[in-house]
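Please open the structure in your viewer and keep the selection panel at hand. The stops below each begin with something to select, followed by what is to be found there.

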Amino acid sequence: MPVEITWWGHATCTVEDTGTRVLTDPLFTRRLAHLRRRRGAPPPPSAARADVVLVSHLHADHLHVPSLARLAPGTQVLVPRGASRSVPGLRRLTALRITEVGPGDVVEAGGVSVRVVPAEHDGRRLPVGPHRSPALGFVVTGEARTYFAGDTGLFDGMAEAVGAVDVALLPVGGWGPYLGPHHLDPARAAEALARIGPRSAVPVHYGTYWPIGMDAVRPHEFHTPGDEFVRQAALAAPQVAVHRLGHGESVRPEVAR
């Protein structure tokens with residue numbers, strides 16, 4: 001079966017590979033604190049069906065306890081080491097198989113292998129959480145090798161840490177008018193493509209949530225990152241096929257045989 005990637009919005013994707021459904025950073029809500037979903041309907045109930053779930057870091061728009069609670073009992077969830085100590089709500093999800101991981105760990109899940117890689121990001125539970133949990137990326141290997149970057153900036157050794165991959169799911173924006181440090185904007189995400197060299201890429205983490213009452217504040221930061229990433233990638237990494245998906249859309253990218 002070809003590898004299929006569905007983008008549900010923000011950093012939430014389903015990767016179907018070798019008969020295994022991998023779900024990234026599930027966020028199924030219309031509103032989160034001061035953020036509301038501006039584009040795309042919330043993912044349908046079927047989006048919560050997964051064999052393994054990857055949580056990249058502890059920010060509430062990536063580790064969202066109510067969204068994790070929608071997963072079927074017995075679902076395997078990989079979270080950064082120390083997450084259960086920093087996010088007490090995780091300890092109430094007793095029906096899930098929660099495993100804490102760190103860079104270098106490898107977990108077998110169904111028909112795929114998940115290798116944990118580093119990310120350059122402040123991954124603690126904000127606003128006051130201690131620096132106890134690393135931000136992570138993941139490389140899912142089955143028929144394809146798919147890199148889910150989570151939230152990250154560029155960092156030395158990025159290509160070596162990620163290794164050879166077929167598909168890269170890269171953040172290209174955020175949820176507010178300004179990106180803080182240790183993020184990728186379209187230009188930096190294109191530079192990441194040039195360093196990593198995948199066959200295909202899907203931009204994520206943009207054009208979904210925006211602060212309430214700030215519709216007129218730098219709206220281009222909400223609307224344009226996907227298209228700008230396509231433009232920048234064509235300059236920095238023209239050999240990479242970029243698939244800019246709409247919310248709920250899927251693609252079957254070409255993979256090495």
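Begin with the largest nonpolar core of this predicted model, which has 50 residues, and select Leu54, Leu78, Phe138, Tyr147, Leu169 and Leu193, the residues with the most contacts inside this core. Centre the view on leucine 54 and, leaving aside residues up to four places away in sequence, display what leucine 54 touches, namely Val22, Leu23, Thr24, Asp25, Leu78, Val114, Phe138 and Val140. A second core, separate from that one and made up of 20 residues, can then be coloured in another shade; Phe28, Val55, Leu71 and Leu90 are among its members.

Next, select helix H4, residues 186-196, in which Pro186, Ala189, Ala190, Ala192, Leu193 and Ile196 are buried. If you turn the view to look down the axis of H4, these buried residues fall within an arc of 155 degrees, so they line one face of the helix. Around them, show strand E12 (145-148), helix H3 (158-162), strand E13 (167-171), strand E14 (200-204), helix H6 (225-236) and strand E16 (241-242), against which the buried residues of H4 pack. Just after H4, stop at glycine 197, whose phi is positive, at about 70 degrees.

Move on to an open sheet of three strands, ordered E4-E5-E15 with antiparallel pairing; strand E4 (31-32) and strand E15 (209-211) are its edge strands, each pairing on one side only. Strand E5 (residues 35-37) runs antiparallel to E15 and is joined to E15 by three bridges, and within this pairing arginine 36 has tryptophan 210 of E15 as its bridge partner. Keep Arg36 selected and add Arg38 and Asp215, since these belong together in a network of salt bridges.

The last stops are further salt bridges, of which the structure holds twelve. Glutamate 16 and arginine 21 meet through their side chains at 3.5 Å, N to O, and both of these residues are buried. Which residue forms a salt bridge with aspartate 105? The partner is arginine 81, with the closest N and O atoms 2.7 Å apart. Aspartate 105 lies in the loop between strand E8 (97-101) and strand E9 (106-109), and arginine 81 in the loop between strand E7 (76-80) and helix H2 (83-86), so the pair ties together parts that are 24 residues apart in sequence.

Finally, select aspartate 166 and arginine 145, whose side chains meet in a salt bridge (3.3 Å, N to O). Aspartate 166 counts as buried at 2% relative accessibility, whereas arginine 145 is partly exposed, with a relative accessible area of 30%.

Key: Residues numbered from 1 in each chain as written. Predicted model: local features only at pLDDT ≥ 70, side-chain atom pairs only at ≥ 80, totals over all residues. Heavy atoms only, no water. Core = buried A, V, L, I, M, F, W, Y, C linked by side-chain atoms within 4.5 Å. Buried < 20%, exposed > 50% of the residue type's maximum accessible area, 1.4 Å probe, protein only. Contact = heavy atoms within 4.5 Å. Helix = DSSP H or I, 4+ residues; strand = E, 2+ residues; numbered from the N terminus. Arc of directions from axis to C-beta. Pairing = 2+ DSSP bridges. Salt bridge = Lys/Arg side-chain N within 4 Å of Asp/Glu carboxyl O.
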